[in-house]
Amino acid sequence: MKKLKPASWLIIILVLLAIFFWWACALPGWKDPYTGPLSPTNREEVFDPSCLPVEIRQGSDTALFLVHGLNHSPQCWEQWLPDFQAAGYDVYAPLISGFGTSIEDYEHSCYPQWYQSMKDQYLQVRSRYKHVVYIGHSLGGMMGLQLAEETSGTPLSPDLLVTISAPVVCNSLKDRAISQPLLFIARPLSLITPHTPFAHLQSRKPARHNSDGHETWTGYDGTFFKQALSTVFHMPEVRAGLKRITIPVLSIQDKRDRTVSSKNLSIIQNEIGSKEKEMLMTHLPWGYWHTYHCLPLYRALHTELVDAILSFLEAHHE
């Protein structure tokens, strides 16, 4: 049998590597590991009181529906709640099913289930109010885009949509949007382990120099591979539907976001179908001990973001 030349072996290795990275990054053949409906979260099983859902009723005909991000909880909104309440709005910040309890619960859930849990809770609020404004951070913003795509032009649609650090692409070479290199190998890693080492439930920590509010972050600390991959897998379909959104949209993100590439901000603005759209890119300076992603937590942006959102609501409120 004729031996292969070194150059031939090199070509074979490069082809195999290309196939491996295509399988790992493009996710061909991916199927969400969990698809059945999730039971509503048992409040007694929530690991930290900050994770509990929020419901503030004060007789308004307009409700703000605030949806948290991946690994997070309604705690992300605690700094903004007094401002929204003082502005006279009713406020709901649901806890997505699968979040806020044990790591085991989280590891047995994924994007389609989270989306349905959010949508079910949204529809309950929508049925009781003349106006509903959807405000979503990160994963919550992505799900808000999907909800608007499905409901724009119907009575079920939110009146307004605000997205904060929302992703519709992740690690896209075409869009020059690379922010999570670990996810390039998350698929093979998910066959070995469900999450990064030392993943744990995280409650607020003591403040440190320039933590800027990030120390209050309460949720799951670590990367949970199947959950992250499920979210990434559904991004293309959400992006493809952006043109169907017709309601007014305000999109917000920081230039230095280290979790979701800030390229997403311009993609959302350029591709949504709404004729009424606004964009706010914040510019936090270097030096903070956080990811520049969880904007509702950061004290440095509190006034700027709350004022921008309330102004947007006032400008488009009937």
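Aspartate 212 is found in the loop between β6, residues 200-202, and β7, residues 219-221, and in this predicted model its phi is near 60 degrees, a positive value in a residue other than glycine. With a relative accessibility of 8%, aspartate 212 counts as buried, because buried means under 20%. A second residue with such a backbone angle is arginine 176, whose phi is near 55 degrees, again a positive value in a residue other than glycine. Arginine 176 has its place in the loop between β5 and α6, the latter spanning residues 186-190, and at 65% relative accessibility it counts as exposed.

Between α6 and β6 runs another loop, and threonine 196 is found there. Threonine 196 is buried, its relative accessible area being 16%. Once the neighbours within four places in sequence are left aside, threonine 196 is in contact with Leu182, Gly222, Thr223 and Phe225.

From these loops one can turn to the sheet. Seven strands form an open sheet with mixed pairing, and their order across it is β1-β3-β2-β4-β5-β8-β9. The strands β1 and β9, the latter covering residues 277-282, stand at the edges with a single partner strand each, so one side of each is left without a neighbour in the sheet. From one strand to the next, the twist averages 15 degrees. At the β1 edge, three bridges join β1 to strand β3, residues 90-93, and the two run antiparallel; within this pairing, isoleucine 56 stands opposite valine 91 in β3.

Which strands flank β4 in the order of the sheet? They are β2 on one side and β5 on the other. Strand β2, residues 62-67, is joined to β4 by six bridges, and these two strands run parallel; phenylalanine 65 has tyrosine 134 as its bridge partner in β4. The pairing of β4 with strand β5, residues 160-164, is also in the parallel sense and extends over five bridges, with glycine 136 standing opposite threonine 163 in β5.

How many of the residues of β4 are buried? Strand β4, residues 131-137, is mostly covered, with seven of its seven residues buried. Both of its faces are covered, since His131, Val133, Ile135 and His137 on one side are all buried, as are Val132, Tyr134 and Gly136 on the other.

Helices lie across this part of the sheet. One of them is α4, which lies across β2, β3 and β4 and runs at about 170 degrees to β2. Another is helix α9, residues 302-316, which lies across β2, β4, β5, β8 (249-254) and β9 and runs at about 175 degrees to β9.

The connection from β4 to β5 involves a helix as well: β4, helix α5 (residues 139-151) and β5 make a right-handed β-α-β unit. Glutamate 149 lies in helix α5, and is it buried or exposed? At 6% relative accessibility, glutamate 149 counts as buried. Leaving aside its neighbours within four places in sequence, the contacts of glutamate 149 are Glu237, Val238, Gly241, Leu242, Arg244 and Ile245.

Val238 also appears in the packing of helix α7 against helix α4, where it is one of the contacting residues of α7. Helix α4, residues 111-126, and helix α7, residues 225-240, pack at an angle of about 70 degrees, with their axes 8 Å apart. The two helices are therefore roughly perpendicular to each other, as angles from 65 to 115 degrees are counted that way. On the α4 side the contact is made by Tyr111, Pro112 and Trp114, and on the α7 side by Gln227, Ser230, Thr231, His234 and Val238. Sorted by class, this contact has four nonpolar and four polar residues, and no charged ones.

A last stop is arginine 43, which lies in the loop between α1 (6-26) and β1 (54-56). At 52% relative accessibility, arginine 43 counts as exposed, because the cut-off for that class is over 50%. Not counting residues up to four places away in sequence, arginine 43 touches Leu52 and Pro53. The C-alpha atom of arginine 43 is separated by 33 Å from that of valine 249, and the two residues are 206 residues apart along the chain.

Terms used: Residues are numbered from 1 along each chain as its sequence is written. This is a predicted model: local features need pLDDT of at least 70, side-chain atom pairs count only at pLDDT 80 or more; totals for chains, interfaces and linings use all residues. Side-chain values use heavy atoms; hydrogens and water are left out. Axes are lines fitted to C-alpha atoms, for helices over the stretch in contact, and angles run from 0 to 180 degrees between N-to-C directions. Helices (H or I, at least four residues) and strands (E, at least two) are DSSP runs, numbered from the N terminus. Angles under 35 degrees count as roughly parallel, over 145 as roughly antiparallel, 65 to 115 as roughly perpendicular and the rest as oblique. Contact means heavy atoms within 4.5 Å. Ala, Val, Leu, Ile, Met, Phe, Trp, Tyr, Cys and Pro count as nonpolar, Asp, Glu, Lys and Arg as charged, and the others, Gly among them, as polar. Buried means under 20% relative accessible area, exposed over 50%, partly exposed in between (1.4 Å probe, protein chains only). Two strands pair if DSSP finds at least two bridges between them. A crossover is right-handed if, with the strands pointing away from the viewer, the path from the first strand over the helix to the second runs clockwise.
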